[in-house]
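Visitor: I am new to this structure and would like a close look at a single part of it. Please take your time and keep to one place before moving outward.

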Amino acid sequence: MKEFLEEDEKKLLLDIFHIYAPTNGEASLSIFLAKFLESQKIDFTMDAYNNIYSIKYPGEPILSAHQDCVGDFNCGKLANFVDIYDFDDIQILKGNGNIGADDKIGIFLILLYLTKVNKNINFVFSTGEERSVPTGIKTIVSDIKELEAFKKAPYCIVLDRKNSGDIICKENDYGSKTFDDALSEIGKKYDYASVKGGHSDTATFSEYMNAANLSVGYYNPHTKTEFVIIQDMINTFNYLCDIIENLPRDIPYEEKKKTTYNYPSYNGYKGYGYNTYDDDYDVYGCYGNNNKKEKKKFENKKTFYDSDFTEIYD
């Protein structure tokens, strides 16, 4: 059971956060990920759209996260301000403005699993998720759906849900009730429970196998008060390890009718726009939406604002 981050793990986490990767601007992060995977001798494919994936282990699950974040290119000027701070009895990862924790935390957790637990697992790092561009997860799945490892994957875990403790599965028609119940049973000791959530890459995987999207410990996504509670992120990692080790791999998949989603337009990609479904926010940008939606209270936790960190910024 992991309780804290080692120094090399902190460095990797911050290295990822110090690279800004808005939709259609993921190249720098993609190159970093490719070099890191090569350094760890982990095989992968990188396509023309900077999607990175490895689907080569039949019978093993698929782990998925997306590389891009909400924002414009000017936000990248603030990326190096992201750091880890002690705050009361917890640790907070925070920066100045929207830090792209959605979904850099998912990326980090998969890399942590690959390097610290088991390299022999299937994974996907998609691009364009925040705007649902056609060259992201849809292109990946089109390229890999005939692979034996994809066909024999028992399930997919997507690491792209805000807050802590949410399992997005049956309520979204991402997986069967049996699959949802099994995830919830393991999740009890990590304070996870099944709830209804928004659209994400999970929807695409669910057209082929049982899938679920898990909370990973980032809060206030897409806003200037976005932050990560490190302890919640580690709790997700422990839950993920427990799932992979103990979740039955023979839970039947209940085939469903494939769903077509209609999105607003986006820079020449007719029918695609910002993905407003995943995180339930409706105002985006470099500094996000500073309104009452941000002032949520989490059970046994404090909500953090830039004013809490004035001594850091001044």
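How many bridges join strand β8 to β10, and do the two strands run parallel or antiparallel?

Guide: Before anything else, please keep in mind that this is a predicted model. Strand β8, which covers residues 166-168, is joined to β10 by two bridges, and the two strands run antiparallel. One place where this pairing can be followed residue by residue is Ile-168, which stands opposite Asn-213 in β10.

Strand β10 itself spans residues 211-215, and it is mostly covered, since five of its five residues are buried. This strand also pairs with β7, residues 156-161, through five bridges, and here the strands run parallel. In that pairing, Cys-156 has Ala-211 of β10 as its bridge partner. Taken together, β10 runs parallel to β7 and antiparallel to β8. When you look along a strand such as this one, it helps to remember that in a regular strand the side chains alternate between the two faces of the sheet.

Moving outward from β10, a few places in the backbone deserve a careful look. As a general background, most residues other than glycine have a negative phi, and most peptide bonds are trans. Against that background, Ser-132, which is not a glycine, has a positive phi of about 50°. Ser-132 sits in the loop that lies between β6 (122-126) and α4 (137-144). The same residue counts as buried because its relative accessible area is 12%, and the cut-off for that word is under 20%.

A positive phi also appears at Asn-50, where the value is near 70° in a residue other than glycine. Asn-50 belongs to the loop between β1 (45-46) and β2 (52-54). The peptide bond between Asp-102 and Asp-103, in turn, is cis, with an omega of about 20°, and Asp-103 is part of helix α3, which covers residues 101-116.

Finally, there is the enclosed space to consider. Searching the whole structure gives one cavity of 30 Å³ or more, and the largest cavity holds about 60 Å³ of space. It is lined by 12 residues, of which Leu-78, Ala-79, Val-82, Asn-98 and Ile-99 are the closest to its centre. Sorted by class, the lining of this largest cavity is made up of eight nonpolar, three polar and one charged residues.

Note on methods: Residues are numbered from 1 along each chain as its sequence is written. This is a predicted model: local features need pLDDT of at least 70, side-chain atom pairs count only at pLDDT 80 or more; totals for chains, interfaces and linings use all residues. Side-chain values use heavy atoms; hydrogens and water are left out. Buried means under 20% relative accessible area, exposed over 50%, partly exposed in between (1.4 Å probe, protein chains only). Helices (H or I, at least four residues) and strands (E, at least two) are DSSP runs, numbered from the N terminus. Two strands pair if DSSP finds at least two bridges between them. On a 1 Å grid over the protein atoms alone, a cavity is a set of points where a 1.4 Å probe fits but cannot get out, and a pocket is an open set with protein on both sides within 12 Å along at least five of seven lines; lining residues have an atom within 4 Å of a point. Grid points are joined across faces, edges and corners, and a volume is the space filled by probe spheres set on the points. Ala, Val, Leu, Ile, Met, Phe, Trp, Tyr, Cys and Pro count as nonpolar, Asp, Glu, Lys and Arg as charged, and the others, Gly among them, as polar.
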